[in-house]
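Let's take a walk through this protein together, starting with the overall fold and ending at its surface. Keep the sequence and the 3D view side by side as you read.

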Amino acid sequence: MLRPLLWTQATYIMVTAIWPLVDIASFMYVTGEKTDVWLVKTVGALLVPVAACLYTHLFIETDHRPALVLGSLTAVAFISIDFYYALTDVISDIYLADGILEIMFVVGWVCIARARRSRRPETLR
């Protein structure tokens, strides 16, 4: 389950990060007008390395706990922002759909963490 989750979340983050950098007009058509376009582009630029880090874990044999932390906490951050600001009518309701998707990412990470924890020998718990 780790590889599909890494691939899906990294791709989703990368696409949504690059989109406003490449075509802010279509991004705002879907997500609503923005007053601080520079901030939208800054967030997009900062999310590119997040996605790249998650992609990296697809190709290296290493401890995947850092990917679990990065993927799950990135999703939690978006859940918090999406729901709070969409429900207070600061941002478009389309962000509620993003929040639901982010919840699914968190559920995936929790399932992975639980499965890995149950496979550890009793002496390491």
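**A walk through the helices**

Asp63 has a relative accessibility of 35%, so this residue counts as partly exposed. We will come back to Asp63 and its partner below; for now, please bear in mind that you are looking at a predicted model.

Let's step back to the whole chain. The chain has 5 helices and 0 strands, and reading along the sequence gives the pattern α-α-α-α-α. Along the principal axes, the C-alpha atoms occupy a box of roughly 55 × 30 × 20 Å. Of the 125 residues in the chain, 33% are buried; here, buried means under 20% relative accessible area.

Next, turn to the largest pocket, whose volume is about 860 Å³. Its lining counts 32 residues, and those nearest the centre of the pocket are Phe27, Lys34, Phe78, Asp82 and Tyr95. Which helices supply the lining? At least two residues each come from helix 1 (2-22), helix 2 (24-31), helix 3 (37-59), helix 4 and helix 5 (94-119). Helix 1 gives the largest share, with 6 residues. As for chemistry, the lining residues of this pocket divide into 20 nonpolar, 6 polar and 6 charged.

Now back to Asp63. Side chains of opposite charge can pair when their charged atoms come close. How many salt bridges does the structure hold? There is 1. It joins Arg65 to Asp63, with 2.6 Å between the closest N and O atoms. That distance fits the cut-off, because a salt bridge calls for a side-chain nitrogen of Lys or Arg within 4 Å of a carboxyl oxygen of Asp or Glu. Are the two partners buried or exposed? Arg65 has a relative accessible area of 59% and is therefore exposed, while Asp63, at 35%, is partly exposed. The dividing value between these two classes is 50%.

Finally, look at the surface around helix 4, which spans residues 65-87. Ile81 sits in this helix, and together with Tyr84, Tyr85 and Val90 it makes a nonpolar surface patch of about 400 Å². Why can Ile81 belong to such a patch? Patch residues need over 30% relative accessible area, and Ile81 reaches 43%, so it counts as partly exposed.

Terms used: Residues numbered from 1 in each chain as written. Predicted model: local features only at pLDDT ≥ 70, side-chain atom pairs only at ≥ 80, totals over all residues. Heavy atoms only, no water. Patch = residues over 30% accessible without salt bridge, like charges linked within 9 Å, V, L, I, M, F, W, Y side chains within 5 Å. Areas by Shrake-Rupley, 256 points an atom, 1.4 Å probe, with all protein chains shown as cover. Helix = DSSP H or I, 4+ residues; strand = E, 2+ residues; numbered from the N terminus. Buried < 20%, exposed > 50% of the residue type's maximum accessible area, 1.4 Å probe, protein only. 1 Å grid on protein atoms, 1.4 Å probe; cavity = no way out; pocket = protein on both sides within 12 Å on 5 of 7 lines; lining within 4 Å. Points joined across faces, edges and corners; volume = space filled by probe spheres on them. Nonpolar A, V, L, I, M, F, W, Y, C, P; charged D, E, K, R; others polar.
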